[in-house]
Amino acid sequence: MIETHRHGPVLSIQIANPPVNALSEAVRRGIHQAIEAAQKDDGVSAILIHGGGRMFCAGADITEFGKPLAEPGLSTVIDAIEASAKPVVAAIHGSALGGGLEVALGAHYRIATASAKLGLPEVALGLLPGAGGTQRLPRLIGVSAALDMIVSGTPISGSKAQELGLIDRIVAEDDLLEEAVAFAATLKEPRTTGERTVAFEADEFDRFVEHNGRKINGLDAPRACIEAVRAATTLPLAAGQERERALFHELMDGAQSRALRHAFFAERTAAKIDDLPKDVALRPVGKVGVIGAGTMGGGISMNFLSAGIPVTIVEMAQEALDRGTGLIRQNYEATAAKGRMTNAQVEAAMALLTPTLDFDALADCDLVIEAVYENMDVKKEIFARLDGIARPGAILASNTSYLSIDEIAQATTRPQDVLGLHFFSPANIMKLVEVVRGAQTAPDVLATGMSVARKIGKVPVVSGVCFGFIGNRILDPRLEGAMDMLLEGATPEQIDRVSVAFGMPMGPLQMIDLAGVDIGWHRDPTRIESLRDALNAVGRWGQKAGGGFYDYDGKRRPSPSPAANAIIDEYRSRAGITPRAISDKEIMVRTMHVMVNEGAKILSEGIAQRASDIDIVWIYGYGWPRHTGGPMFWAQQTGLSHVVSALERHADRLGDDFSLSPRLVEAARNGLTLDGKQAG
Ligand code: 3H9
């Protein structure tokens, strides 16, 4: 776990714990012993700490969290580094994250490559840097810069770190070790960060909170991070660290951190397909075709262009093609205007795009993604045509949100090459891709679908075939519950408020307004068979039309709509329903608990591989609050028996189609998880 070498008077300590050099027990012990031994070795004048493999160190070993701590703790190790009578240099390449950066902060000098990533991402796990990071970082770079790094959790580059005073020298990666040894050999004295005091302005904390209030509202960890940094300004190191430790343990025991740690591992587990051999060879994807230059097709194309993969985009009419291409450019230019892309990068991305009306231009693509509107006949026709021209071995994907990949695959002579790649809107931004596995999808096609999605920066989750796959299948009972409650007497604001208070970015009705009330509408204003029909008939199609369940101003901000409420009232009385008061509790059950029930059904049908995959779908595709861990984790934490009894209590209002999932009931009764394991 630790390798030590002598380079003349310099002792190098290499962390060798692949893949990420996490600071597990053996690593901590190894560093500690090496530092102690070096103190007694007269031949050693300085010490160098660096990481083997692709990075310095990704921090504490997260798999050890929740277990009793084995000595020495990380703080003990880092305090020993700082207390070393011989100068200690940290040489950083790749990433120095969390406890990894804290080790470097304990060192007396820091050298890094320009592209190294230095960060304290603990906040993303619902924690704070618990091994001195909140105390030493502000002593080095000041309060505001330290708060930025600690509260956002976003890493900075080596170059930026040098500007801030966190890094002493920048060195090319190939020369890192050699230069660090040479530098260490010149050092005479240690230089301890802990002895410094923090310079800050009286209103720095208030300004930070004011500026970041919205982002950190309702979250435990950012608040604790700020409090810990504040302690650094008033207390000496040891006392500050004590405060930091107390806050760290409070967070670690809290529900939010448990949920965020679950989400971290859930995301990585989602990449694994249980019944696929690990060594399945991937198909090469060097060129991508996209059919349809609408909002979805354009957004999907952008992901590939941004990753440097050429895209041929096909439309039926020149006007639609021009509009789609124009929108792609406009999106890129907006990103450049915000400083998140250079103009040269915009041009480089656009240069990879080939817009065409010629379907045959897809002949040399390795992957073709169909992104036209949801109509099975249209999709079948496209796939049959594609079958005639795509090169053998090309992967044929549909971006359908609901329709059967198996039926689409049957329109080709090569169903083994067909799968679903379901992107979420806006497709250039939302990170989720449901990779839909048809009955005949070949293992290498599935594995390539997952790999390509990751290559373009997405979080892929495998789904089996069912109406709506994982995400939309679970969405349906949620939307149905919301619509039914409107008819029974709740207002849109009341229903949505419950979801927003829970932490969702918007409620179910705001979501319908965003997606378009008219999605799937028959377009006959005289045929009014549902509340949606009633709104559509008068042009209340949602945000894009300035009104749906809500009214929207020019900035698309919602306000309660007297017009919509009148339509709801009228529809209700026509349906002969007497309005009643509906409690927030009932809204919770009919918009949230019903999702859990549907999720359990999906699990027993084998549509989702595991409960945590469903969590990832909802966190990345629909904005489910990450700090609750996703719907299935949340249900487990709430208590499955509580979920079951709440659903049972409201069963007579959940519609004739509702049934309790036997898997859910059984798990609740036997104290199991939704994956059928013993609940811990
Ligand atoms: C901390 O440091 C607390 C301290 O302040 C105080 C303590 C007292 N531990 O992401 P990848 C695994 S909190 C254990 O696919 P990449 C990961 O699960 C920590 N395991 O690779 C995966 O396993 P598997 C603060 C870890 O190249 C494998 O390594 N640090 C850890 O895309 C590869 O990971 C963080 O929050 C860990 N710390 O990304 C950093 N990290 O193959 C968390 C990773 O079995 N890590 N694994 O699925 C990351 O952000 C990314 O992993 C990293 C590499 C950017 C490093």
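This is a conversation between a student and a tutor about a predicted model and the reasons behind its labels.

Student: Let's start with Ile-273. Why is Ile-273 called buried?

Tutor: Its relative accessible area is 11%, and buried means under 20%, so Ile-273 earns the label. Ile-273 sits in the loop between helix 11 (255-270) and strand 10 (288-291).

Student: Which residues is Ile-273 in contact with, leaving aside its neighbours within four places in sequence?

Tutor: They are Arg-437, Leu-446, Met-450, Val-462 and Gln-609. Contact requires heavy atoms within 4.5 Å, so each of these five has at least one heavy atom within that distance of Ile-273.

Student: Good. What about Glu-179: buried, exposed or partly exposed?

Tutor: Partly exposed, because its relative accessible area is 35%, and that class lies between the 20% and 50% limits. Glu-179 belongs to helix 7 (residues 176-186).

Student: What makes the group around Glu-179 a patch of negative charge?

Tutor: The members are Glu-173, Asp-174, Asp-175, Glu-178 and Glu-179. Asp and Glu count as negative, so the charge of the patch follows from its residue types. Patch members also need over 30% relative accessible area, and Glu-179, at 35%, meets that condition.

Student: Now the salt bridges. How many are found in the whole structure?

Tutor: The search finds 39 salt bridges. One of them joins the side chains of Arg-28 and Glu-64.

Student: How do you know that Arg-28 and Glu-64 meet in a salt bridge?

Tutor: Their N to O distance is 3.0 Å, and the cut-off is 4 Å, so the pair qualifies. Arg-28 lies in helix 1 (residues 25-40), while Glu-64 lies in the loop between strand 3 (46-51) and helix 2 (74-83), so the bridge ties together parts that are 36 residues apart in sequence.

Student: Are Arg-28 and Glu-64 buried or partly exposed?

Tutor: Arg-28 is buried at 4%, whereas Glu-64 is partly exposed at 24%. The 20% limit falls between those two values.

Student: What makes Glu-374 and Lys-379 a salt bridge?

Tutor: Their closest N and O atoms are 3.2 Å apart, and the definition asks for a distance within 4 Å, so this pair counts too. Glu-374 is partly exposed, with 37% relative accessibility, and Lys-379 is buried, at 1%.

Student: And why do Arg-590 and Glu-586 count as a salt bridge?

Tutor: The side chains meet at 2.7 Å, N to O, and the limit is 4 Å, so the conclusion is that they form a salt bridge. Both residues are buried. Salt bridges with shared partners also join Glu-488, Arg-580, Glu-586, Arg-590 and Arg-653 into one network.

Student: On to the backbone. Where are cis peptide bonds found?

Tutor: One joins Pro-18 and Pro-19, with omega about 5°. Pro-19 is placed in the loop between strand 2 (10-15) and helix 1. Another joins Glu-71 and Pro-72, with omega about -5°, and Pro-72 lies in the loop between strand 3 and helix 2.

Student: What makes Phe-469 worth pointing out?

Tutor: Phe-469 has a positive phi of about 55° although it is not a glycine. Most residues other than glycine have a negative phi, and most peptide bonds are trans. Phe-469 is found in helix 18 (residues 469-488), and its 0% relative accessibility makes it buried. Arg-523 also has a positive phi, about 65°, without being a glycine; Arg-523 is in the loop between helix 20 (508-515) and helix 21.

Student: Finally, how do you know that Asn-536 and Ala-112 are buried?

Tutor: Asn-536 has a relative accessible area of 2% and Ala-112 has 0%; buried means under 20%, so both count as buried. Asn-536 lies in helix 21 (residues 531-537) and touches Val-517, Asp-518, Trp-521 and Trp-541, not counting residues up to four places away in sequence. Ala-112 is in strand 6 (residues 109-112). Leaving aside neighbours within four places in sequence, Ala-112 is in contact with residues including Ile-92, Ile-167 and Leu-176.

Notes. Residues are numbered from 1 along each chain as its sequence is written. This is a predicted model: local features need pLDDT of at least 70, side-chain atom pairs count only at pLDDT 80 or more; totals for chains, interfaces and linings use all residues. Side-chain values use heavy atoms; hydrogens and water are left out. Helices (H or I, at least four residues) and strands (E, at least two) are DSSP runs, numbered from the N terminus. Buried means under 20% relative accessible area, exposed over 50%, partly exposed in between (1.4 Å probe, protein chains only). Patches are made of residues with over 30% relative accessible area and no salt bridge: like charges are joined within 9 Å, nonpolar side chains (Val, Leu, Ile, Met, Phe, Trp, Tyr) within 5 Å. Accessible areas come from the Shrake-Rupley method with a 1.4 Å probe; for residues, only the protein chains shown count as cover. The place of a charge is taken as NZ of Lys, CZ of Arg, CG of Asp or CD of Glu.
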